Amino acid sequence: MASGKRKETALLAARAGCYRESMPPPTLRRHFSRLWSHALHDGPPAMVAIVPDGYCDLLWIDGRLVVAGPDRTAAFPVIRPGATVIGARFAPGAAASWLKTPLSALVGCSVRLDDIGRKDTAEFEARLADCPDPSAATALFGRLLEEAPRHEEEPAREAAVIFAAANSGRPATGLLDRLGTSERQLRRRCHHHFGYGAKTLERIRRFQRFLYLCRRSDTMPLARLALEAGFADQPHMTREVGELSTLTPAVILDQLSMRRQRAD
């Protein structure tokens, strides 16, 4: 019963406020792929679905620096209406070295940064807390990351190769030859860099391709969306989308499509 209710009422995070992202400055790009902010709407609280994307993020939320680990399925955090969340998305393979923690230990978790052992956390939080408004906090957030001590190792190149393969829809089996590794070693490396295996990462990135197509769709039928995203067929898409988000493809298309954007 609860699952059925969630499918009807959950709102994708993209529909729950104003989301903006930007490229980080060059000095941060080896570890971070995007800086972003998300200002949630005021009004009655909504059940917001944060769906998996294969990434790990560092967040400034409710006066705390928090690491949002990679997700296998949608999360439904309680976020105060009107709040602004500021984030930095780790580049593929960069989070484990920056946090000095394998991502397998953070799957489905939100952990305070100081609990992971970053000694500069208290100073970061104090400086961000003094910002007068969210836009100033967003700018300072990036500057603080630039000023952070450079004790991190370079992100492993193999992580970028694995992520690119999953993002393009190429089978994970082809990675064994490209990386010169065994299936067992590949699985261990994927769990370290991403929190789960290559097959799960493929599923999540295929789901993200579906979301991308929904945002740009006007009249594309679901069967066509399934094939364009890389699913075997529409039933396959329905099953996978439901498992990863708890929503149906039709509900997601209704929330994200260009028709909804024009109506807004």
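**View A. Cys214 and how covered it is.** In this predicted model, Cys214 is buried, and its relative accessible area comes out at 0%. Compare Cys18, which is partly exposed with a relative accessible area of 33%.

**View B. Cys18 without a disulfide.** Look for disulfides here and you'll come up empty: the structure holds zero. Cys18, for one, is in no disulfide, and the nearest cysteine sulfur belongs to Cys131, 19 Å away. A pair has to have its sulfur atoms within 2.5 Å to count as a disulfide, so Cys18 and Cys131, at 19 Å, don't make one.

**View C. The hairpin of S5 and S6.** Strand S5 covers residues 57-61, and its pairing with S6 is antiparallel, running over five bridges. Zoom in on one spot and you'll see Leu58 standing opposite Val67 of S6. Two residues sit between the strands of this hairpin, and Asp62 takes a positive phi there, near 55 degrees.

**View D. S6 and its other pairing, with S8.** Now follow S6 over to strand S8, residues 110-112: these two also pair in the antiparallel sense, here over three bridges. Val67 turns up again, with Val111 as its bridge partner in S8. So what does Val67 face in each strand? Leu58 stands opposite Val67 on the S5 side, while Val111 is the partner in S8.

**View E. Strand S6 and its cover.** How many of the five residues of S6 are buried? Four are, which leaves this strand, residues 64-68, mostly covered. S6 is also the strand that pairs with S5 over five bridges and with S8 over three.

Methods: Residues numbered from 1 in each chain as written. Predicted model: local features only at pLDDT ≥ 70, side-chain atom pairs only at ≥ 80, totals over all residues. Heavy atoms only, no water. Buried < 20%, exposed > 50% of the residue type's maximum accessible area, 1.4 Å probe, protein only. Pairing = 2+ DSSP bridges.
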